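This report covers the overall form of a protein chain and the state of its cysteines. The sequence and structure come before the text.

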Amino acid sequence: ETRLLAVDHSVQMISALWPPAKGPANADVIQADWCAMPIPSGTADLVVGDGCYVLLSHPEGFESLTSEIHRVLKPGGRFVIRVFLRPDQPETVADIAQTLAGGSIGSVHALKLRLLAALHGTSGEGTLLDDVWQAWSRMPPLPDSCTGVQGWTVEEIVGIASYRGMQARYYLPTLAEARISLGSQLLELECARGQHELSDCCPTLVWTRQG
């Protein structure tokens, strides 16, 4: 028997996505913090997340979440997580603006990730979301080759426009930093990368709890 339990801290996100179109009949959802999940210790065969570390402080928040994942997993259980990373060699906002003007950035989603990384710095504070919008607002207009096409529709661009005034911060570790934080308690099994743009900056990592 398969049981699916979804956990999210946002009531709005739960309302938007639940119930899933497809899933096991006994699927359920709870509103909770991933760092303090109301799940008994050692009972989960599989924990799957998407960018769950991005709003946490580094290293303290990262370590807190990893400890909680370790707690709820059964020995031998798997933790599959897509992480959002900054590159070892950062690019500048000016570099990104030049690339965008040449029509070589495939989507607003890739642009957001590149700006988050470029504005990041090396401290544990991460990038202020309003700073991403400020950088975007100072860039030249989109080239004609991008305007209105898939990846650059009005509905997608509103995602970066919504960062205006937001005081939340996203922390993007390097791959080495992510491995240090997770590897303190879990064993890495795989680092899988797709074929899409910036796939090196958002790999899927597979970890397991030993003993």
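## Overall form

In this predicted model, the protein chain has a radius of gyration of 19 Å, which agrees with the value near 17 Å that a compact globule of 211 residues would have. Along the principal axes, the C-alpha atoms fill a box of roughly 55 × 35 × 35 Å. The secondary structure consists of 7 helices and 8 strands.

Of the contacts in the protein chain with a separation of 6 or more, 71% join residues 24 or more positions apart. Buried residues account for 39% of the 211 residues. The exposed area of the protein chain is about 11,500 Å², and 54% of this area is supplied by carbon and sulfur atoms. Among the side chains, 15 are positive and 23 negative, with the centres of the two sets 4 Å apart.

## Cysteines

How many disulfides does a search of the whole structure find? The search finds 0. A disulfide requires two cysteine sulfur atoms within 2.5 Å, and the table gives the distances for two of the cysteines.

| Cysteine | Closest cysteine sulfur | Sulfur distance |
|---|---|---|
| Cys 52 | in Cys 35 | 9.5 Å |
| Cys 146 | in Cys 202 | 19 Å |

Cys 52 cannot be counted as bonded because its sulfur is too far from that of Cys 35. The sulfur of Cys 146 is likewise too far from that of Cys 202 for a bond. As to surroundings, Cys 52 is partly exposed, at a relative accessible area of 22%, whereas Cys 146 counts as buried, at 4% relative accessibility.

Terms used
Residues are numbered from 1 along each chain as its sequence is written. This is a predicted model: local features need pLDDT of at least 70, side-chain atom pairs count only at pLDDT 80 or more; totals for chains, interfaces and linings use all residues. Side-chain values use heavy atoms; hydrogens and water are left out. Buried means under 20% relative accessible area, exposed over 50%, partly exposed in between (1.4 Å probe, protein chains only). Helices (H or I, at least four residues) and strands (E, at least two) are DSSP runs, numbered from the N terminus. The radius of gyration is taken over C-alpha atoms; the globule rule is 2.2 Å times the number of residues to the power 0.38. Contact means heavy atoms within 4.5 Å. Accessible areas come from the Shrake-Rupley method with a 1.4 Å probe; for residues, only the protein chains shown count as cover. Lys and Arg count as positive and Asp and Glu as negative; His and the chain ends are not counted. The place of a charge is taken as NZ of Lys, CZ of Arg, CG of Asp or CD of Glu.
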